[in-house]
Amino acid sequence: MVILEARNLKKIYGKGEAQVNALNGINLTVKRGEFVAIVGTSGSGKSTFLNIAGGLDVPTSGEIIIDGETLGAFTEKELTVFRRRMIGFIFQNYNLIPMLNVYENIILQLKLDGRPADSRYIGEITEALALDGKLKSFPNQLSGGQQQRVAIARALVTKPAIILADEPTGNLDSATSQDVLGLLKITSTQFHQTIVMITHNEEIAQLAERIIRIEDGRIV
């Protein structure tokens with residue numbers, strides 16, 4: 001089953017001589033349970049693609065379809081709810097709330113949505129990510145790798161259709177990066193989670209099941 005589909009996706013910034021074609025006709029499908037890496041140099045369009053795929057930006061033309069729903073058909077309010085329920089995000093800057101402890105950060109999206117926390121599932125996630133002993137700790141008491149694990153758990157807890165990871169190891173040293181990527185792969189397998197990760201690092205991309213290369217706004 002196809003979870004993510006991009007149809008002739010284009011994104012243009014500026015006009016005239018200042019015009020930049022950030023995306024120039026991207027067509028792509030990702031199936032349920034796939035772990036896909038999108039690689040490309042800085043300015044290749046990979047971050048633009050991820051932002052549009054996650055409903056954080058809108059294309060100039062073309063469509064993004066997630067789990068059968070076309071993002072462009074939603075109102076802004078509907079898109080906010082859909083994004084919260086169906087798309088998990090992992091950023092290189094973690095984006096944890098400093099005044100909330102680990103457990104509270106993990107369940108934040110559920111609370112915002114008024115949904116109860118599945119204690120058993122949260123237990124499985126935190127055990128898989130070796131966070132079960134850190135639930136009462138605050139972000140400033142954790143290492144970078146531990147904070148990124150919390151971000152992974154937060155992305156998983158809503159059982160989203162897809163997780164979008166934007167350079168998830170960008171702020172980590174090489175050893176911690178391998179650890180976090182290994183955990184991402186485990187969560188992909190153990191929880192049958194679809195993951196699309198962008199990176200400029202070829203070595204990191206090799207851990208994915210499929211690698212897609214974007215250059216100059218096109219898949220090559």
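**Salt bridges, a cavity and local contacts**

At 31% relative accessibility, Arg115 counts as partly exposed (buried means under 20% relative accessible area, exposed over 50%, partly exposed in between, with a 1.4 Å probe and protein chains only). The structure is a predicted model, in which local features need pLDDT of at least 70 and side-chain atom pairs count only at pLDDT 80 or more, while totals for chains, interfaces and linings use all residues. Residues are numbered from 1 along each chain as its sequence is written, and side-chain values use heavy atoms, with hydrogens and water left out.

Arg115 is a convenient way into the charged pairs. Its side chain meets that of Asp113 in a salt bridge, at 3.0 Å from N to O (a side-chain nitrogen of Lys or Arg within 4 Å of a carboxyl oxygen of Asp or Glu). Asp113 also forms a salt bridge with Arg85, at 2.7 Å from N to O. This second pair links distant parts of the chain, with Asp113 in helix H4 (residues 108-113) and Arg85 in helix H2 (residues 76-86), 28 residues apart; helices (H or I, at least four residues) and strands (E, at least two) are DSSP runs, numbered from the N terminus. Asp113 has 12% relative accessibility, so it counts as buried, whereas Arg85 is partly exposed at 39%. Together with Arg84, the residues Arg85, Asp113 and Arg115 are linked in a network of salt bridges.

Across the structure there are 12 salt bridges. One of them joins the side chains of Arg210 and Glu34, with 3.0 Å between N and O. Because Arg210 lies in strand S9 (residues 210-215) and Glu34 in the loop between strand S2 (20-31) and strand S3 (35-39), the pair ties together parts that are 176 residues apart in sequence. Arg210 is partly exposed, at 27% relative accessibility, and its partner Glu34 is buried, at 15%.

Strand S2 itself contains Asn27. In sequence, Asn27 and Lys10 are 17 residues apart, and their C-alpha atoms are 9.8 Å apart in space. Leaving aside residues up to four places away in sequence, Asn27 touches Ala6, Arg7, Asn8 and Ile219 (contact means heavy atoms within 4.5 Å). With Asn8 there is also a link to the backbone: the side chain of Asn27 reaches the Asn8 backbone nitrogen at 2.7 Å.

Turning to empty space, a search of the whole structure finds 1 cavity of 30 Å³ or more. Here, a cavity is a set of points on a 1 Å grid over the protein atoms alone where a 1.4 Å probe fits but cannot get out, and lining residues have an atom within 4 Å of a point. The largest cavity holds about 40 Å³ of space, a volume being the space filled by probe spheres set on the grid points, which are joined across faces, edges and corners. Its lining consists of Leu50, Asn51, Leu56, Phe89, Phe91, Leu164 and Asp166. Helix H1 (46-53), strand S6 (87-91) and strand S7 (162-166) are the elements that give two or more residues to this lining. By class, the lining has 5 nonpolar, 1 polar and 1 charged residues.

Helix H1 is mostly covered, with 6 of its 8 residues buried. The buried residues of H1 are Lys46, Thr48, Phe49, Leu50, Ile52 and Ala53, and Leu50 is also one of the residues lining the largest cavity. After H1 comes Gly55, which has a positive phi, near 75°.

How values were computed. 1 Å grid on protein atoms, 1.4 Å probe; cavity = no way out; pocket = protein on both sides within 12 Å on 5 of 7 lines; lining within 4 Å. Nonpolar A, V, L, I, M, F, W, Y, C, P; charged D, E, K, R; others polar. Polar contact = N/O pair within 3.5 Å; in protein donor to acceptor, adjacent residues only side chain to side chain.
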